[in-house]
Structures are given as structure tokens and as C-alpha cells.
Amino acid sequence: MNQSGPDTDVLVVGAGPAGSATAAWTARAGLQTTLVDAAVFPRDKTCGDGLTPRAIGELERLGLADWLRAHTVNHGLRAHGFGQTLHLRWPGGTLPDWGSAVARTELDDHLRTTAVKSGATAVDGERAVDVRMDGDRVAAVVFKGEGGTTREIACNRLVVADGVRSPLGKKLGREWHRDTVYAVAGRTYVDSDRSDDPWISSHLELRDERGEIVTGYGWVFPLGNGSVNLGAGTLATAKRPADVAIKPLMATYAASVRDDLALTGELRMPTSALLPMGGAVSHVAGRNWALVGDAAACVNPLNGEGIDYGLEGGRLLADLLGDGTADLTDAWPALLAQHYGESFSIARRLAGLVLTPWVLPRLGPIGMRSDLLMTLALRWMGNLVTDDDRDRAARVWRFAGRRSVARDARPPFA
Ligand SMILES: Cc1cc2nc3c(=O)[nH]c(=O)nc-3n(C[C@H](O)[C@H](O)[C@H](O)COP(=O)(O)OP(=O)(O)OC[C@H]3O[C@@H](n4cnc5c(N)ncnc54)[C@H](O)[C@@H]3O)c2cc1C
């Protein structure tokens with residue numbers, strides 16, 4: 001083993017949105033940063049590619065607003081289901097009032113380049129396979145490159161941004177609690193004559209091949225490049241595993257929206273993945289290491305979006321590292337809980353409720369008959385509420401979050 005690998009202050013493993021954002025911000029703060037990924041970029045990632053206003057806000061902070069606007073801009077969500085169609089604008093408030101969608105192959109490559117331009121050193125094609133400890137500190141990470149060669153990169157601090165399964169996080173004791181609601185979701189690309197549609201579409205009445213309602217939703221996100229990202233996701237827990245095959249579900253869904261959304265081609269590149277949500281993991285940090293993004297289950301339980309939390313979490317973690325916080329063991333989960341604990345707690349409680357078989361067929365039609373209810377639902381489901389929002393809907397959401405977290409047997413990130 002080669003022990004003379006480059007030393008770095010901050011070592012970031014995983015160059016998805018969470019890792020690249022962390023690396024961009026630590027490098028901008030003047031910290032020597034190395035960003036390593038197992039894949040060779042550009043690489044694909046199974047995702048809906050949707051960027052809600054929360055993600056847009058973070059991408060604006062990174063200086064990418066013009067780049068995004070050159071792709072596609074949407075005004076909000078067109079919600080379909082139970083005989084209704086509603087146009088629900090993004091609420092604005094303290095967040096941007098627009099959304100976008102960019103294929104992850106392109107978005108992640110651009111974010112990684114942004115980290116490099118910010119001063120980080122990026123290495124790809126090297127998989128983290130182990131850590132070397134020095135007491136309770138991570139001293140180095142062991143990487144395996146092409147051809148099986150191994151080397152160590154020694155670091156002062158380690159950021160683990162290695163996604164859903166977080167193999168490196170597991171080595172450090174990360175535990176994912178599948179008794180809390182999680183998602184099984186898939187996506188595919190389809191050519192469409194409505195690729196410039198200024199609304200994203202979501203179908204809340206998702207039916208399988210037998211015509212049964214599935215707990216989840218289908219989406220069509222226009223990419224502005226002649227195609228759309230079409231996908232479907234369903235919720236599950238260890239007690240109620242998803243008994244639905246995602247690829248056939250996507251095919252059934254695509255057939256049902258083909259005319260409406262002017263789909264013109266075959267379904268391309270269908271893939272699916274599991275999604276831990278709502279901070280349902282323990283051991284998100286140790287003395288000099290921290291988990292961020294999907295590795296820390298920073299995904300909204302009500303809509304499955306996590307790009308925004310990856311980007312935002314990366315910035316928050318970089319701030320903590322920049323402050324020189326000596327011990328991350330309690331500081332990082334406390335910061336995550338402060339920002340997301342309440343909203344993730346109430347969201348996963350509601351998602352658990354939706355899993356009750358009668359809830360969606362009975363309450364869905366009532367909700368879809370009311371513009372007001374659905375506007376509120378969009379705001380709450382998308383967690384489009386910040387601490388600075390003072391309006392009544394924001395206060396109700398925060399109140400419900402506080403009550404929910406107080407009743408949690410295992411709060412988010414605990
Ligand atoms: C079907 C589906 C649809 C979704 N739709 C949306 C959506 O529309 N909008 C949204 O906001 N979110 C969506 N999400 C969630 C979103 O994809 C994730 O939350 C987001 O990718 C999290 O980013 P990340 O940086 O934490 O992890 P990732 O993007 O998964 O990045 C992790 C990186 O770590 C690397 N890595 C893994 N293991 C190692 C290792 N051992 N060594 C080195 N590198 C390693 C991987 O190669 C990868 O590049 C969706 C998810 C799914 C499954």
C-alpha cells in the first residue's frame with residue numbers, strides 16, 4: 001500500500017450534489033479540499049432531475065443561476081388526479097419563485113467542475129473501501145483504483161457524501177432505520193413535444209397494471225432539450241414493503257399520460273433505487289467526520305427530493321468545518337436537527353399516514369377539489385418554508401413540526 005498519498009485538510013468522498021457543494025464551500029473558505037468519487041465523470045445518477053425553489057436558492061448561492069436559466073425554468077406544479085387538474089405556482093416567500101430540471105449527468109458534472117473552480121482538487125475513478133483510524137479520529141481513507149491498486153489519502157477532516165447506501169458511512173457505524181418510511185422510485189427519459197412546458201407535472205392518482213391505486217406519485221419533469229424525465233415512486237417501511245415493480249409501473253404510467261404530455265418516443269434508460277428519508281439514520285458524525293446528503297438520509301419524505309438538502313447540507317457542514325469546530329460528534333447532528341428535525345419529523349409522520357391503505361383513495365379526491373388545500377399541500381409537501389417565513393401557513397407547519405418531534409421515539413438523526 002502506498003502511504004505517501006496527498007495529505008489534505010478536508011477529504012470529501014462522493015461528488016454528487018452534497019459532496020461537490022461541500023467541497024466548493026470549503027475550498028472557497030480557504031480550506032485545502034480533495035474531492036474523490038468512485039465513478040468517472042460525467043456519470044449518470046437515478047433521479048427525477050427536478051430542482052425545486054429550495055435547490056434553486058442554493059444553486060444561486062453557488063453562482064449558477066444563469067447556467068440554470070439557460071436550461072429550463074418552470075413556474076410550479078400541475079397536479080393531476082381524481083378527475084382534477086390544478087396549476088399550483090411555487091409559493092416564493094423567502095425562496096426563489098421558480099424551479100428547473102437538469103439531467104443529473106450534466107448537473108453533477110457541472111457541480112463538480114464548480115468545486116474544482118472554487119479550488120478543490122478532484123479525483124475520479126477511485127472507490128473508498130476502508131478507513132484507517134487513529135484513536136477516535138479518521139486518519140486516512142483507503143481507496144481502490146482501476147486495476148485494483150490501493151492508496152491512502154490522509155486527512156484532517158472527512159466528509160462522507162457517498163449516497164444512499166453510504167458504504168463508507170457504514171464502516172464508520174452509520175445505521176439506516178427502515179422501520180421509518182422510505183421510498184422505492186424509478187426514472188426514465190422520453191422524448192416529448194412538450195419538453196419546454198413551463199410546468200412540472202405530478203400525478204397523485206398513480207395506478208398499477210391492475211388499476212389499483214399505488215401509494216406514491218408519478219412525475220413528468222420537462223428538461224427543455226426535447227425530452228422529459230418521467231418517473232414514479234412509492235413509499236414503504238420494513239413492516240409494509242413496497243409490493244410493486246417500479247419498471248412496469250413506469251410503463252403503465254407513461255402509457256396513461258402519453259397523449260396529454262405529447263410523449264413521442266420509447267422509455268430510455270429506466271433505472272430504480274431505494275431512498276432513505278427524513279433523517280432516518282443514526283451515527284451521522286464522529287470526532288472528525290460527518291455524513292451529508294443521502295448518506296445522512298437528508299431527503300424529504302413527502303416528495304423524495306434530496307438535491308436541495310444535499311446542496312444546503314454541504315454549505316452548512318462547510319460552515320462548521322470553517323469555524324474550526326474541533327469535535328463534530330454532537331455538533332453536526334445538532335445542526336442537522338436544528339435545520340431539518342421538525343420538518344422531517346412531521347413529513348415522515350404524514351408519509352406514514354399516507355401508507356394506510358384507505359387514506360389516499362378517500363382523502364385524495366377531497367384534497368384535489370380544493371385549490372387552497374393543494375396550494376398548502378405543495379408548500380408543506382415541498383417543505384418550501386424557511387425559518388424567516390412569517391405567514392400563517394409557515395407558522396402552522398413549524399408548530400406541527402415541533403409537536404411531532406416532541407413525540408418521536410427516535411427523532412431525525414438520533
Ligand atoms: C428515482 C429517484 C428520483 C429522484 N428525484 C429527485 C428529484 O427530482 N429532485 C431531487 O431533489 N431529488 C430527487 N431524488 C433524490 C436525489 O437523487 C438524491 O437525494 C441526491 O442525489 C443526493 O445527493 P448526494 O450527493 O447525497 O448523493 P449522490 O448523488 O448519490 O452522490 C453520491 C456519490 O458518491 C459516489 N460514491 C458512492 N460510493 C463511493 C465510494 N465508496 N467511494 C467513492 N465514491 C463513492 C457515487 O459515485 C456518487 O457520485 C430522487 C431519487 C431517486 C432514487
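This dialogue goes through the domains, helices, empty spaces and backbone geometry of a predicted model.

Reader: Which domains does the domain assignment give for this protein?

Author: The domain assignment gives domain 1, made of 1-73 + 99-177 + 277-414, and domain 2, which is 182-275. The contact between them takes 33 residues from domain 1 and 27 residues from domain 2. Taken over C-alpha atoms, the centres of domain 1 and domain 2 are separated by 24 Å.

Reader: How should a helix be read, and what span should helix α1 have?

Author: An α-helix has 3.6 residues a turn, so residues three or four places apart point the same way. In this model, helix α1 covers residues 17-28, and its twelve residues should span 16 Å at 1.5 Å a residue. The C-alpha atoms at its ends are 16 Å apart, which agrees with that expectation.

Reader: How many residues of α1 are buried?

Author: Eleven of the twelve are buried, so α1 is largely enclosed by the rest of the structure. The buried residues are P17, A18, G19, S20, A21, T22, A23, A24, W25, T26 and A27. The cover over them includes the strands β1 (8-13), β2 (33-37) and β10 (150-160). It also includes the helices α2, α4 (104-117) and α7. Just after α1, G30 has a positive phi of about 90°.

Reader: Which residues of α2 are buried, and what covers them?

Author: Helix α2 is mostly covered, with seven of its nine residues buried. These are P53, R54, A55, I56, G57, E58 and L59. Among the elements that cover them are β3 (50-51), α3 (65-69), β6 (100-101), α4, α7 and α8. Just after α2, G63 takes a positive phi of about 90°.

Reader: How is empty space located, and what volume lies in the second largest pocket?

Author: Rolling a probe the size of a water molecule over the atoms shows where empty space is left. In this model, the second largest pocket holds about 550 Å³ of space. Its lining has 24 residues, of which R54, H339, V385, T386 and D387 are the closest to the centre of the pocket. R54 is also one of the buried residues of α2.

Reader: Which helix gives the most to this lining, and how do the lining residues divide by class?

Author: α8 gives the most, with six residues. At least two residues each come from α2 (53-61), α7 (307-322), α8 (328-354) and α11 (392-407). By class, the lining of the second largest pocket divides into six nonpolar, eight polar and ten charged residues.

Reader: How many cavities of 30 Å³ or more are counted, and which residues line the largest cavity?

Author: The count comes to one cavity of 30 Å³ or more. About 40 Å³ of space lies in the largest cavity. R78, S192, R194, D197, W199, S201, V220, P222, V228 and L261 line this cavity. The elements giving two or more residues to that lining are β13 (199-203) and β14 (216-222). Its lining has five nonpolar, two polar and three charged residues.

Reader: Where do positive phi values occur outside glycine, and which peptide bond is cis?

Author: Most residues other than glycine have a negative phi, and most peptide bonds are trans. In this model, S166 has a positive phi of about 40° although it is not a glycine. S166 lies in the loop between β10 and α5, and it is buried, with a relative accessible area of 0%. Phi of N383, also not a glycine, is near 50°. N383 is placed in the loop between α10 (371-381) and α11, and it counts as buried at 5% relative accessibility. The cis peptide bond joins F41 and P42, with omega about -5°; P42 is found in the loop between β2 and β3.

Reader: Are the loop residues L302 and V164 buried or exposed, and what do they touch?

Author: L302, in the loop between β19 (289-291) and α7, is buried, with a relative accessible area of 14%. Not counting residues up to four places away in sequence, L302 touches Y217, A347, L350, A351, W380, M381 and W397. V164, in the loop between β10 and α5 (167-171), is buried at a relative accessible area of 15%. Leaving aside neighbours within four places in sequence, V164 is in contact with R174, L274, L275, P276 and D294.

Methods. Residues numbered from 1 in each chain as written. Predicted model: local features only at pLDDT ≥ 70, side-chain atom pairs only at ≥ 80, totals over all residues. Heavy atoms only, no water. 1 Å grid on protein atoms, 1.4 Å probe; cavity = no way out; pocket = protein on both sides within 12 Å on 5 of 7 lines; lining within 4 Å. Points joined across faces, edges and corners; volume = space filled by probe spheres on them. Helix = DSSP H or I, 4+ residues; strand = E, 2+ residues; numbered from the N terminus. Nonpolar A, V, L, I, M, F, W, Y, C, P; charged D, E, K, R; others polar. Expected span 1.5 Å × (residues − 1). Buried < 20%, exposed > 50% of the residue type's maximum accessible area, 1.4 Å probe, protein only. Contact = heavy atoms within 4.5 Å. Domains from an automatic or database assignment.
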